[in-house]
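Colleague: Before we discuss this chain, could you put the sequence and the structure in front of us both?

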Amino acid sequence: MTDTPTRRPRPSLARLGRLPAWSALVAGTALGGLFGGAYGVLTPPSYTATSYVVAVPTDKATPDAARGFAQAYGRVATQLAVLGDAQVWAGVPVRTLRDSVRAATSPDAPMVAVSATSARPELAVDMANAVSRALTRHAEDTKGSTQVRLVQFSRAVKPGKPASASTPVTTLVGASAGGLLGGLALLARPRRTRRDGGPVPAASVPGPATAADVQR
């Protein structure tokens, strides 16, 4: 009978199998840290400024009504009706305000927080204050029906440091993610079948004459 041909691993897989077990972890960590650091260096820092307005009930309204209307004003703070007026004071288009401004409310307090993010801290302050001003103007126009007013509680101030992650932080995050991927690659790497890394010889099959001798 013809012997079974020996299966040889591909050269690329063989070389990969001869690498040290820790090489995938080191390579993944290094590449991840490199990409994370590059992201931190190339991405401009962003600054966030926040202003606060509070809903105040009139003599004909209750504190619960003020909290309810604060929730409603928080939802309309980023709508076109408010941003259209705010763009005049902020000096930026409505699209920029829509992408940069966020509003948040609390179920326990009749307060609306208006936050704006920009690469320029001064512009973040102007946008936050402009939206808060426009929102209080709209609330004042509907005070007769809602019996609730919006009052400026705190104006936005210039942030002292960026809100985005710093370069060391992005480097650390990238290195951690790269190390995790390297560990997964280590689990999926081909296993060594022999200590010398050579192919496993195929099992020999006895010929007909040998098989006959065994049966005797």
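What follows is a set of questions and answers on this predicted model.

Colleague: What pattern does the chain follow when read along the sequence?

Modeller: The secondary structure comes to nine helices and four strands. Taken in order along the sequence, these elements give the pattern α-α-β-α-α-α-β-β-α-α-β-α-α.

Colleague: How do the four strands combine, and what is their order in the sheet?

Modeller: β1 pairs with β3 in the antiparallel sense over eight bridges, and β1 pairs with β4, again in the antiparallel sense, over six bridges. The edge strands, each pairing on one side only, are β2 (101-105) and β4. The sheet is open, with antiparallel pairing, and its order is β2-β3-β1-β4.

Colleague: Which residues stand opposite V53 in β3 and as its bridge partner in β4?

Modeller: The bridges that join β1 and β4 are six in number, and one of the partnerships with β4 links P57 to V148. For V53, the residue opposite in β3 is V112, while the bridge partner in β4 is Q152.

Colleague: Which helix packs on the sheet, touching β1, β2, β3 and β4, and what angle does its direction make with that of β4?

Modeller: Within the sheet itself, neighbouring strands are turned by 25 degrees against each other on average, if direction is ignored. The helix that touches β1, β2, β3 and β4 is α3, and its direction makes with that of β4 an angle of about 70 degrees.

Colleague: Which element gives the most residues to the largest nonpolar core?

Modeller: The largest nonpolar core has 32 residues, and those with the most contacts inside it include L97, V112, M127 and V131. At least two residues of this core come from each of β1 (47-57), α3 (63-76), α4 (80-90), α5 (94-100), β3, α6 (121-141) and β4 (148-154). The element that gives the most, with 10 residues, is α6.

Colleague: Which residues does L97 contact, leaving aside its neighbours within four places in sequence?

Modeller: L97 is among the residues with the most contacts inside the largest nonpolar core, a group that also includes M127 and V131. Leaving aside neighbours within four places in sequence, the contacts of L97 are L83, A86, Q87, A90, V92, M127 and V131.

Colleague: Why can the buried residues of α4 be said to line one face of the helix, and within what arc do they fall?

Modeller: The buried residues in α4 are V82, L83, A86 and A90, and what covers them includes α3, α5 and α6. L80, A81 and V88, by contrast, are exposed on the other side of α4. Seen down the axis of α4, the buried residues line one face because they fall within an arc of 85 degrees.

Colleague: What phi does the residue G91, just after α4, take?

Modeller: α4 spans residues 80-90, and G91 comes just after this helix. The phi of G91 is positive, at about 75 degrees.

Colleague: Is S118 buried or exposed, and which backbone nitrogen lies 3.2 Å from a polar atom of its side chain?

Modeller: S118 is found in strand β3, which covers residues 111-118, and with a relative accessibility of 11% S118 counts as buried. Not counting residues up to four places away in sequence, S118 touches P45, S46, Y47, L123, A124 and M127. The backbone nitrogen that lies 3.2 Å from a polar atom of the S118 side chain is that of R120.

Colleague: Is A156 buried or exposed?

Modeller: The place of A156 is in the loop between β4 and α8, where A156 touches A49, T50, S51, V125, A128 and N129, not counting residues up to four places away in sequence. The C-alpha atoms of A156 and A124, 32 residues apart along the chain, are separated by 8.6 Å. Since buried means under 20% relative accessible area, a value of 7% makes A156 buried.

Colleague: Is K161 buried or exposed?

Modeller: K161 is found in the loop between β4 and α8 (167-188), and its C-alpha atom is separated by 8.9 Å from that of P121, 40 residues apart along the chain. With a relative accessible area of 66%, K161 is exposed.

Colleague: What percentage of the contacts between residues at least 6 apart in sequence join residues at least 24 apart?

Modeller: The chain has 216 residues, of which buried residues make up 28%. Among contacts between residues at least 6 apart in sequence, the share that joins residues at least 24 apart is 79%.

How values were computed
Residues numbered from 1 in each chain as written. Predicted model: local features only at pLDDT ≥ 70, side-chain atom pairs only at ≥ 80, totals over all residues. Heavy atoms only, no water. Buried < 20%, exposed > 50% of the residue type's maximum accessible area, 1.4 Å probe, protein only. Polar contact = N/O pair within 3.5 Å; in protein donor to acceptor, adjacent residues only side chain to side chain. Contact = heavy atoms within 4.5 Å. Core = buried A, V, L, I, M, F, W, Y, C linked by side-chain atoms within 4.5 Å. Arc of directions from axis to C-beta. Pairing = 2+ DSSP bridges. Axes fitted to C-alpha atoms, helices over the stretch in contact; angles between N-to-C directions.
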